[in-house]
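Please work through the following exercises with the sequence and the structure at hand. Each task is followed by a solution in steps.

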Amino acid sequence: MHAKGLSRGLKNRHVQLIALGGAIGTGLFLGVSTTVQLTGPAVLLGYALGGFIAFMIMRQLGEMVVEEPVAGSFSHFANKYWHPFAGFASGWNYWILYVLVGMAELTAIGTFVHFWLPNVPTWASAAFFFVLVNLVNLVNVRIYGEFEFWFSIIKVVAIISMIAFGSYLLISGNGGETAHFSNLWALEGGFFPHGIKGFLMAMVFIMFSFGGLELIGIAAAETDDPSHTIPRATNQVIYRILIFYIGALAVLLSLMPWMNMTKDVTPFVMVFSSLNENFVAHVLNAIVLTAALSVYNSGVYSNSRMLFGLAAQGNAPKMLMKLNDKGVPVNAVLFSALITGTCVALNYFMPEDAFKFLMALVVSALVVNWFMISFAHLKFRYAKIKEGVVPKFKAFWFPIGNIICILFFAMILIIMLFIDGINISVYLIPAWIALLAVGYKLSRK
């Protein structure tokens, strides 16, 4: 198995928090108000539904990686059980996705640092953290795991503090006159103020906040005892995410009528504003900086492992398989860094529209990625049935579960067609797949 060269340095606690950290990004800290405005208190139901679909996908991926814990994860399964082009396309699609996400997170990091050090240009702090995170990833997988573990702990503590403090304000009556649990259903419009249309629109944004969960599958090749660690991490992470997202939102929406939640006010600031507002601003800035660093750190890790896996399949140059003495794929880390660095530089010269255009591709790349995981799992399970193998960690409701997930993603793409600014990303999918097909043909020569 080609994964033998990679160091198995990740423990259960690392894998748990890698997946948790991947899914709790700046979305929860900054993006929640968008979904609340679209659908009101029904956003709670949206996160529960989105979480369940994400959990089914994770179980499908989990089943495959427990049987074969290899580098390249879902790209390996698409390549082996579906078609070499599927392996090529899913691997490179995921890699590009995280190059673009890394680019956006580095831009955000520059902005957050600027809050404290207004004289330091944003590009300089982005460059500093770009070098730092890539160095961490070059040293040793366990160091990456430790960094990610502590980044995630900070985010988790922030959310738990918010839920606890918000609950105290509600129960003690110190939350102000408008703070009541009945805000969830008794305000004008009730639980579904914008009806089913608003709810479906919000589902698009909700699903993207679950992006990053597939990191569990990427980490499998470097996990100590994957047959024990992966099932535990998969099962536990989803409960935690639902508690964090749904718990935090239930408290927020009870403290403040949903219509008062504007895009300009972060939910965290609202809850803690009864404390010293200046202090809150600094704490929040530290938290969102950590969230952005964590997502970028995970992106550097997953991208290098995906390239390593693609090279092992023959879908990327063999030089990307070079490992250092600590079992880190150095060339894969450096190649991803080179492309992300170029993109970040471009980002500073690009007109705003070009950057938005690239970020729109992220939206589609995520949907394509999840669709391919679910379809590859169908192929994988049918192959195992033929071999007479019973998987140790089974996905839910095969094959009905896969069909539900695939239809759900088709529905998300259809809804995206009706949202201005995002519909372009759906139109780009055929062009993107055609570009991958050209790349595949060239790689075969």
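**Exercise 1: The largest cavity**

Helix 12 contributes the most residues, 4, to the lining of the largest cavity. This is a predicted model, in which local features need pLDDT of at least 70, side-chain atom pairs count only at pLDDT 80 or more, and totals for chains, interfaces and linings use all residues. Residues are numbered from 1 along each chain as its sequence is written, and side-chain values use heavy atoms, without hydrogens and water.

Task: State which elements give two or more residues to this lining, and how the lining divides by class.

Solution.
1. A cavity is a set of points, on a 1 Å grid over the protein atoms alone, where a 1.4 Å probe fits but cannot get out; lining residues have an atom within 4 Å of a point.
2. The lining includes Y98, N134, Y296 and S336.
3. Helix 5, helix 12 (277-313) and helix 13 (330-349) each give two or more residues; helices are DSSP runs (H or I, at least four residues), numbered from the N terminus.
4. The lining has 5 nonpolar, 6 polar and no charged residues. Ala, Val, Leu, Ile, Met, Phe, Trp, Tyr, Cys and Pro count as nonpolar, Asp, Glu, Lys and Arg as charged, and the others, Gly among them, as polar.

**Exercise 2: The length of helix 7**

Task: Compare the expected span of helix 7 with the distance between its end C-alpha atoms.

Solution.
1. Helix 7 covers residues 141-172, which are 32 residues.
2. The expected span is 1.5 Å times one less than the number of residues, which gives 46 Å for helix 7.
3. The end C-alpha atoms of helix 7 are 46 Å apart, in agreement with the expected span.
4. Just after helix 7, G173 has a positive phi of about 85°.

Methods
On a 1 Å grid over the protein atoms alone, a cavity is a set of points where a 1.4 Å probe fits but cannot get out, and a pocket is an open set with protein on both sides within 12 Å along at least five of seven lines; lining residues have an atom within 4 Å of a point.
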